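Student: I have a model open and want to work through it by question and answer. Can we start with one residue and build outward?

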Amino acid sequence: MNRLIAQIEKMKPFFEKVSRNIYLRAIRDGFIASMPVILFSSIFLLIAYVPNIFGFKWDEATEALIMKPYGYTMGVVALLVAGTTAKSLTDSINRSLPPTNQINFMSTMLASITGFLLLAADSLEKGFANGFLGTKGLLTAFISAFIVVNIYKVCVKNDVTIRMPEEVPPNISQVFKDLIPFTLSIVVLYGIDILSRSTVGTGTAEAVGTLLAPLFHAADGYVGITIIFGAFALFWFVGIHGPSIVEPAIAAITYANIETNFQLLEAGQQADKILTPGTQMFIVTMGGTGATLVVPFIFMWLSKSKRNKAIGRASVVPTFFGVNEPILFGAPIVLNPVFFVPFVFAPIANVWIFKFFVDVLEMNSFFVNLPWTTPGPLGIVMGTGFGLWSFVLALTLIVVDVLIYYPFFKVYDKQILADELSGKSSSDLKEKVSANFNTAKADAVLEKAEKKEEVASEKLIDEINVLVLCAGGGTSGLLANALNKAAKEHGEPITAAAGSYGAHREILPQYQLVILAPQVASNYEDMKAETDKLGIKLVKTEGAQYIGLTRDGKGSLEFVKEQVNS
């Protein structure tokens with residue numbers, strides 16, 4: 001097992017490079033920016049169709065009234081994502097360009113949206129055709145965004161523009177500067193659509209969907225879901241943020257499937273597509289990557305080791321809401337050979353069981369998008385429409401995950417108990433985790449009794465705004481809340497906010513300090529390029545160090561003051 005983990009670790013630099021790819025990041029950030037639209041639209045799905053389960057059905061006029069907001073939000077989500085993806089990619093490319101010669105992101109957004117409309121038109125005879133403006137057109141939205149931004153990049157770098165006299169106002173000059181790349185973008189994209197219609201007889205969006213249909217089908221099978229969701233846990237186990245690599249690659253499939261599930265349900269059929277955002281969030285990563293929802297409870301209730309009991313108690317609440325870093329780094333689970341098998345296998349077993357419920361027991365799959373912080377069992381029930389089998393599935397997954405983790409937990413608890421009885425306070429495993437995740441000893445941070453009283457530093461005079469960033473905005477909220485609570489108690493002029501990496505650029509100038517949570521620490525160099533331009537201080541945190549800061553309000557204040565005064 002150690003040899004296998006060592007081999008995986010050797011590939012860590014490569015996968016980290018992949019996770020930082022600007023195109024994968026643009027897809028991910030494009031979806032993050034459009035998430036309020038996606039979540040808002042799901043409210044109307046729940047109102048319109050959940051009552052059907054209990055024998056109540058709205059009349060056609062009322063149903064149409066309820067579903068109108070859905071049609072004008074989720075129904076045009078690809079159109080929106082074409083713009084947000086272009087904006088995110090533009091931001092990434094601008095970091096490598098001189099500050100005086102930047103790409104205008106407003107122009108790339110408009111060009112990407114316009115070009116996407118040309119590619120997504122499913123008919124030339126029916127006027128404004130909208131068949132591929134929703135989830136079916138997501139892949140085409142990415143194509144449009146990538147082509148547009150790269151055309152702009154070539155034009156801006158090579159100064160292909162219309163120059164205006166210096167007396168012309170900057171906003172007017174910008175219009176003429178963008179005219180050539182905008183025109184080229186639309187001409188190229190329109191040319192692609194004409195080529196598609198002349199060769200395969202359909203518009204580009206329809207052609208792309210037809211071409212990739214076999215891949216969509218394969219991804220929904222046992223082999224596909226095993227590879228996809230096994231990769232989530234495998235990457236995380238060696239310290240790579242798996243969703244940063246896997247999510248962008250499957251985003252178009254998952255959101256198209258959830259729309260298909262809704263349409264099947266609306267037509268009175270079973271929603272049977274497995275690969276959806278809900279499957280990832282509430283089945284595969286129930287309680288966080290590794291399906292760790294049950295792990296803190298096992299540690300808290302069944303440990304003989306005092307240290308493991310303390311870690312379990314500290315991790316229960318955040319893990320219940322999908323924030324499982326405390327248990328991952330506190331136990332530790334990651335890089336721990338004892339937990340390699342359950343950490344990778346539990347998510348796969350969960351999705352296999354889910355597929356069995358859908359394929360054999362004819363349970364509905366997910367047809368509603370919910371916030372990822374929704375507790376796993378509740379997300380399963382709500383996301384699949386409150387069906388009877390959803391309650392059975394949630395209970396089944398909890399039982400199965402306990403059975404998978406428990407034997408390995410017993411082995412580990414026995415090891416830690418032996419260390420406690422012999423007086424040991426460190427191990428080779430902790431040193432290995434520290435080397436790979438750059439963390440301090442988790443037990444020294446989590447046990448309050450071992451904390452030393454620190455001499456308080458002088459209070460700050462100027463107000464400090466702190467931005468804590470993680471992958472999804474959940475983990476960062478732990479530290480932001482701790483900072484705000486402690487600042488109020490100790491009268492410090494510190495205000496903290498939580499955010500997700502990639503959705504931070506517009507609000508960045510408001511802050512004097514940015515703290516990166518461990519899961520996005522690998523983005524430090526990219527982030528530093530942004531903060532240095534704005535004169536903002538940036539610091540990355542280690543796994544166990546971060547946990548300690550979230551649990552020690554006064555310590556988190558001292559940490560901020562140390563960074564500000566350094």
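**Working through the model**

Tutor: Glu362 is exposed, with a relative accessible area of 58%. Keep in mind that this is a predicted model.

Student: Where is the place of Glu362?
Tutor: Glu362 is not in a helix run here. Its place is in the loop between helix H16 (340-359) and helix H17 (376-383).Student: What is the backbone phi of Glu362?
Tutor: Glu362 is not a glycine. Its phi is nonetheless positive, at about 60°.

Student: Is Phe386 buried, partly exposed or exposed?
Tutor: Phe386 lies in the loop between H17 and helix H18 (388-422). Its phi is near 65°, again a positive value in a residue other than glycine. Its relative accessibility is 28%. The partly exposed class runs from 20% to 50%, so Phe386 counts as partly exposed.

Student: Is Ser88 buried or exposed?
Tutor: Ser88 lies in helix H5 (residues 77-94). Its relative accessible area is 4%. The cut-off for buried is under 20%, so Ser88 is buried.

Student: Which residues is Ser88 in contact with, leaving aside its neighbours within four places in sequence?
Tutor: Set those neighbours within four places aside. The contacts of Ser88 are then Arg25, Ala26, Asp29 and Arg505.

Student: Now the whole protein. What share of its residues is buried?
Tutor: The secondary structure comes to 24 helices and four strands. The protein has 566 residues. Of these, the buried share is 53%.

Student: Among contacts with a separation of 6 or more, what percentage joins residues 24 or more positions apart?
Tutor: Take the contacts in the protein with a separation of 6 or more. Residues 24 or more positions apart account for 76%.

Student: On to the sheet. What is the order of its strands?
Tutor: The sheet is open and has four strands. The pairing is parallel. The order is E2-E1-E3-E4.

Student: Which strands stand at the edges?
Tutor: An edge strand here has a single partner strand, so one side of it is left without a neighbour in the sheet. The edges are strand E2 (494-500) and strand E4 (537-540).

Student: How much is the twist from one strand to the next?
Tutor: The value is an average over the sheet's strands. It comes to 20°.

Student: How many bridges join E1 to E2?
Tutor: E1 and E2 run parallel. Leu467 stands opposite Ala497 in E2. The number of bridges joining E1 to E2 is seven.

Student: What is the bridge partner of Leu467 in E3?
Tutor: E1 and E3 pair in the parallel sense over four bridges. In E3, Leu467 has as its partner Val514.

Student: Which residue of E4 does Leu516 stand opposite?
Tutor: Strand E3 (residues 513-516) pairs with E4 in the parallel sense, over four bridges. In E4, the residue opposite Leu516 is Lys540.

Student: Which strands does helix H21 touch?
Tutor: Helix H21 (residues 475-490) packs on the sheet. Its direction makes about 170° with that of E2. The strands touched are strand E1 (464-470), E2 and E3.

Student: Which strands does helix H22 touch?
Tutor: Helix H22 (residues 524-534) packs on the sheet too. Its direction makes about 170° with that of E4. The strands touched are E1, E3 and E4.

Student: How many of the seven residues of E1 are buried?
Tutor: E1 is mostly covered. Its buried residues number six.

Student: Last, the helix pairs. Are H6 and H7 roughly parallel or oblique to each other?
Tutor: The axes of helix H6 (residues 105-120) and helix H7 (residues 138-157) come within 8 Å and cross at roughly 135°. Angles over 145 degrees would count as roughly antiparallel, and 65 to 115 as roughly perpendicular. H6 and H7 are therefore oblique.

Student: How many charged residues does the contact of H6 with H7 have?
Tutor: The residues in contact include Ala111 and Phe116 of H6 and Val148 and Tyr152 of H7. By class, eight are nonpolar and six polar. The charged count is no residues.

Student: Are H6 and H8 roughly parallel or oblique to each other?
Tutor: The axes of H6 and helix H8 (residues 170-199) come within 9 Å and cross at roughly 20°. Angles under 35 degrees count as roughly parallel. H6 and H8 are therefore roughly parallel.

Student: How many charged residues does the contact of H6 with H8 have?
Tutor: Asp178 and Asp193 of H8 are among the residues in this contact. By class, nine are nonpolar and four polar. The charged residues number two.

Technical notes: Residues numbered from 1 in each chain as written. Predicted model: local features only at pLDDT ≥ 70, side-chain atom pairs only at ≥ 80, totals over all residues. Heavy atoms only, no water. Pairing = 2+ DSSP bridges. Helix = DSSP H or I, 4+ residues; strand = E, 2+ residues; numbered from the N terminus. Axes fitted to C-alpha atoms, helices over the stretch in contact; angles between N-to-C directions. Contact = heavy atoms within 4.5 Å. Nonpolar A, V, L, I, M, F, W, Y, C, P; charged D, E, K, R; others polar. Buried < 20%, exposed > 50% of the residue type's maximum accessible area, 1.4 Å probe, protein only.
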